[in-house]
Amino acid sequence: MKNTPQPPVWADKILSWICAPHLIEIILGDLHEEFHFKVRKSGARKARLLYWREAIGFIKPRYMKRQKSSYPNTSIISHDMLRSYFTIAWRTLAQSKVYSLINVTGLSIGLAAAMLILLYTKDEVSYDQFHSNNPNIYRITSRFISPAGAQTGVGGNTGFLQGPKFAAGVPEIRAAVRFLGTQSDIKKGNEIKSEEVFHADTAFFSMFSFPFVSGNPQTALREPKSVVISEEMAMKHFGQKDVLGKSLLMKDSYDKDARFEPYTVTGVTRKSPQNSSIKFEILVPFLTKKGEMERGMNWFNTFLNTFVLLDRGSNVSLVEKKMNLVYNADAKEAMKEAAEKYGENNKTEYTLQPFTDMHLSTDLPANNGLTGHNNPQLSYILTGIALFILLIACINFVNLTVARSLKRAKEIGVRKVVGGGRMQLVAQFLGESFLLCLAAFIFALMLVQVTLPTFNELANKSLALSYLFDIKLILGYLALFLTTGLLAGFYPAIILSGYNPVKTLYNRIQLSGKNYMQTSLVVLQFTIASFLIIGTLTINSQFNYLINKDLGYSDDNLLTVNKSNLTREQAHLLRQELQKDPNVLAVAPKNGGRWNTRAKVNGNTEIGFTYETVDPEFLPIIDVPILKGRNFSADFPADSITSVLVNETFVKEAGWKDPIGQVVDFWYDNNKKYAVVGVVKDYHYADLSEKIGSQLFTMKARNSYGRFFVKIKPGTESGSLQHVANTFRRLFPLDPYTYKFLDDENRERYEAEEKWRQILLFGTALTIFISCIGLFGLATLSAERRTKEIGVRKVMGASIASIARLLTANFLKLVCISFVFAFPLAYYSVAKWLQNYPYRISISALIFLEAALLAVLVAFVTVSFQSIRAALMNPVKSLRSE
Amino acid sequence: MNRAYLGEFEEIVLLTVAALDGGAYGVVLGHEIAGQTGREVRLNQVHSALQRLEEKGMVKSEMGEPTAERGGRRKRLYTVTAYGQNTLHQVREVRENLWSRIVKPFKLAVEL
C-alpha cells in the first residue's frame, strides 16, 4: 500500500467534518474506490484533481443533514427538560423563601453598587472626551529643571507668550488657545453682579466642540468687544434666548480704572456638558495689552491655561522638542535677565499633556479656571467598595447554595439515576443561579434609579440611568450580570453535580463535616467587612480631626467681604462708617486671594513665603497673638515703609535666634529692606491639607487690599449684616456685594471630605449588612441540620445557654480568624492613606479594637438569634419524626 | 397519477440497480450508467438519486463487506423493493402503450 497513490488527505478531512456522520463511511468508501479506478485509468495526478471535484460535489445540504436519532433528545435545551428546570427552580426558591430573599437582596444591593460605580467611572473616563478634535488637543505644561539636572517641579499653567509663539514657530501646531478666567462685574439696570468671565483666543470654538444655539462659532470671537454666553446666562440676564446682537455691560472687577463697556452677544451656546473641564457662562475674546507680546519676561509669568491643536498623527515628542527650540531661541535674553535679577537658575522645559488626561491627573491637575478636577484615589476607593459588596453577595450565594444542597441531594441522586448527565446538572444549577441573578439584576436597576439622586449629591455628579443608552455601558452591565451569575453559580454547580447518587439516595450523606471552602469564604467575608470598618473609622476620625482642629485663630462672627482694589483711604472711610453701628466690633482689610513671593534673609538665603498685606487691626480681629516684639501700630507711622511681621515658621526657616530687628531683603524690588518688628504665632492660614509655611505680613502701601473682615457682636447678625450691606452699597455703588461668614467658609473646605465620609459609611454599612444576612442564613441552616442533635442534648439535660453557645461559638471563631487577615491589611492601607494629610491622627489600637468589637457584636447578634431559637425548641417535636 | 413520480435519472438508476441484481453500490452504478448512456456521471448525483429512491421506498439497502480499496470502509448495497419493481413495470407499460400507438413510420416535423 505504501507505493500506491493515496487520495488527498485534506479533502477527506473536510468531508468528514462537513458531511453527516452516518453517510460519511459510504461517501468516502465510494470516493476512494473511484479514485483507485481513476489512478489506473488516467494516472495519480489527474485522479487527485478529479477526486477534489467529486468530493466538492458532496458539499450539499442533502449530505450534511444529520440523522435524527430514534431516541428522545437529551440535549440541555429540550423543551420538556426546560420546563422541568423552571418548575424545580421555582419550587426550590418558593420553598425556602428566607434564602431566596437573602440571595436576591444581597445580590441586588451588590449589583446596584457596582452599577452606580460603573456609571460613575464611565462619567469620569468620559470627561472631556466629547470634543471632536480629540486626541489632538493638548495643554502646554512645563517641567522645571534645576542646574544639577534634576526635576524640581511641574506646572500646568502658561502665560501670554507660549501659545502664540509656539503656534507661530512649530508647523505641527494648527492653533493655540489661551484660556483665562477672571471676575467681572455685569450691570443690568441698576443692579451689579459679579460673574466669572472667561477669556479665550479666537480659535476656541474651532478647537473645542461646544454646540451653538445661535451665532457662528467661527466668527463669534473675532471682534474684540464680542461675547458668547450660555442659554442659562441669556435667560438670567435678558429673560430670553434670542439675544444675538444685544449688548451686555461689563467691566473687570480687579481693574480700578475699568469702566462699564458694552459687549455685543455674537453667540449663544448650550450649557457646557457636565463632564467638561471647561465650563463657561460668559466667554469673551482674549486681549493682550499692547507691548505684552514683546516683553520677554512674560515667558515666566504664568497664570492661564494654553491649549494647542496638533495636526493629526503628529509626533508629540518631536513637537515638544520644537517648542523648546522656539522657547530657547526667543527667551534667551529674558532667561539671562531672570538669572541676573532674580537669581532664577532653574530651567524650564515645555511639555504637552493630552487634554483628556487633565481631569484625573495628580501632577498636572485641571485648575485655574478649569473645573471638576477629581482625585483618582477616590475612584479607586469607590470601585473597591463596590467590588467588595458584590463579592460578599456572591459569597453568600455560594455558601447558602452549597449548605442547602443537602436538601437537594435526593433530587440530584434521582436525576443521575434516571440518566441525567453531569453537564446537564451543571447547566441546571447555573441556570438557577442566572435566574436568581436576573431577578436581582432587575431589582438592582430599580434600586439604582431610586438611589441615583442621593448618590449624585454625594459624588457631586449629575448622572442618569439614561446614560445606559451607550453600547459600552450596556456591554459593561451585561458583563457584570454574566460574571455575577457565573461567580455565584459555578462552584455550587460543580459541587452539587458531583454528588455520588448511591450515597445521596442511601441517605447517609454527611455534608456537615469539614467544609473548608465554606469556612474560608466566611472568613474572607468578614476580613473584607472588618477591613472596611477599620477604614471607615479611621477616615471618620481623620475628618473629625480636620473639622475640629484648632486653626490657631478665631473665625467666629467674622464676616468676609470681597472688594477689589480697596485703597487705604477707602478702607479708612469704610471702617469709620461701619463702626457707627456699635454691633460692629472691628474692621480689618487684607489682600485678596493668596500671594506667594520670595525674599532674602541673612544676606543671601532665599525664603519663599505667603505674603500678607494687612493693617494693624488684622491680627487682633482673628485673635492671633504676637509672641515677640509688637504688632503694626498707628503709633509707628514708618511701619508701612520699614517693618514686617513674620510667623514662627519663618523664624525657624531663617534660623534666627533673635528675630526682632532682622532684615528681610526684597532684592528684586529696588533692593528694599524691611526690619522684623514682631513674631506672630503660627496659625492655619490655608486649609489643613497644607502644612503651615512661612508667612510674612506687610503694610506696604503699594500692595492693594482685596477684601475686608468685619467682626460683629454675637447674636446681632441680621442688624449688622444689613448695616454692612447698606454701607457697602453706599460707598461702592459700582462694586458687587457678596459676604460670607469665615467659619462657614472654613467648613465648606471639607465639604468634599464630608461627602466621601458619607459614601464610605454607607458602603461599609451595606457590606456589613450583606455579610450578616449571609451569616444569618448559614446559622439558620446549621441549626436546622442539627435539630436532632439539639433534641438529644436537651433530653440528656443540656441547658439552653450551653446549646446556644455551642451553635454560636463556631461562627464567632471564624469572625475572630478574619481579624488576623484584616488587621495587617487595614493597618497598611490606612497608614498609606493618612500620609496624604500633613495634619493627621495617629493610628491607634483603639480603632482596631472598636472594629473587632463591632464585627463580633454584629455577628453575635445575627447568629445568636437563630441559636437561641434552636435551643428553645421543644425536643419532643424534633425527635418525634424519627 | 397513481404512481410516484420518477425522474429520468432516477429511473435509469433504479433500472440499473435492478439490472445489477444485488451487486449495486455507488461506484459500480456510476460506471455502469456511464457505460450504458455514455454521459458523464458524478458520484454525488448517484448518491442523491439513491437517497431519494430509498426515501420513496423503491430501493432498500444494507451494508456490504469492507475492501482495501475503499480504505477498509464498507459498501452500501442496494436492491429494488416490490414497490420499486411495480413502478418500473408501470413506467414500462406506459411507454409500450405509447409505442404501440405509433402505427405509421414517424411523421417528422419539418421546418417550413
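**Helix packing, cores and chain contact in a predicted model**

The axes of α12(A) and α16(A) cross at roughly 155° and come within 10 Å of each other. Angles over 145 degrees count as roughly antiparallel, so α12(A) runs roughly antiparallel to α16(A). The crossing of α12(A) past α16(A) is left-handed. These values come from a predicted model.

Residues from both helices build this contact. On the α12(A) side they are F388(A), I392(A), I395(A), V398(A), N399(A), V402(A) and A403(A). Facing them in α16(A) are Q518(A), L521(A), V522(A), L524(A), Q525(A), I528(A) and L532(A). Eleven of the residues in the contact of α12(A) with α16(A) are nonpolar and three are polar. No charged residue takes part in the contact of these two helices.

Both helices also contribute to the largest nonpolar core. This core holds 80 residues. The members that touch the most other members are L111(A), A113(A), M115(A), I389(A), L390(A), A393(A) and I534(A). Several helices of chain A each supply at least two residues of the core. Among them are α6 (97-125), α12 (376-417), α13 (422-459) and α14 (471-497). Others include α16 (516-548), α23 (751-785), α25 (800-834) and α26 (845-872). A second, separate core has 59 residues. I173(A), A176(A), F198(A) and A200(A) are included in that second core.

I389(A) gives a local view of the largest core. Its neighbours within four places in sequence are left aside here. I389(A) is then in contact with I109(A), G110(A) and A113(A). I389(A) also contacts G763(A), L766(A), T767(A) and I770(A).

Chain A also meets chain B. The contact takes 16 residues from chain A and 15 residues from chain B. On the chain A side, α2 (21-42) and α3 (44-57) each supply at least two residues. The largest share of that side, eleven residues, comes from α2(A). By class, the side of chain A that touches chain B has seven charged, five nonpolar and four polar residues.

Chain B contains four helices and two strands. Along the sequence, the elements of chain B follow the pattern α-α-α-β-β-α. Chain B has 112 residues, of which 28% count as buried. Contacts within chain B were also sorted by separation in sequence. Among those between residues at least 6 apart, 49% join residues at least 24 apart.

Notes: Residues are numbered from 1 along each chain as its sequence is written. Chains are lettered from A and ligands numbered from 1 in the order in which they are written. This is a predicted model: local features need pLDDT of at least 70, side-chain atom pairs count only at pLDDT 80 or more; totals for chains, interfaces and linings use all residues. A nonpolar core is a set of buried Ala, Val, Leu, Ile, Met, Phe, Trp, Tyr and Cys residues joined through C-beta atoms within 7 Å. A residue is buried if 20 or more other C-beta atoms lie within 10 Å of its own, exposed if 12 or fewer, and partly exposed in between; C-beta atoms are placed from the backbone. Two residues are in contact if their C-beta atoms, placed from the backbone, lie within 7 Å. Ala, Val, Leu, Ile, Met, Phe, Trp, Tyr, Cys and Pro count as nonpolar, Asp, Glu, Lys and Arg as charged, and the others, Gly among them, as polar. Axes are lines fitted to C-alpha atoms, for helices over the stretch in contact, and angles run from 0 to 180 degrees between N-to-C directions. Angles under 35 degrees count as roughly parallel, over 145 as roughly antiparallel, 65 to 115 as roughly perpendicular and the rest as oblique. A crossing is left-handed if the near helix is turned anticlockwise from the far one by less than a right angle, and right-handed if clockwise.
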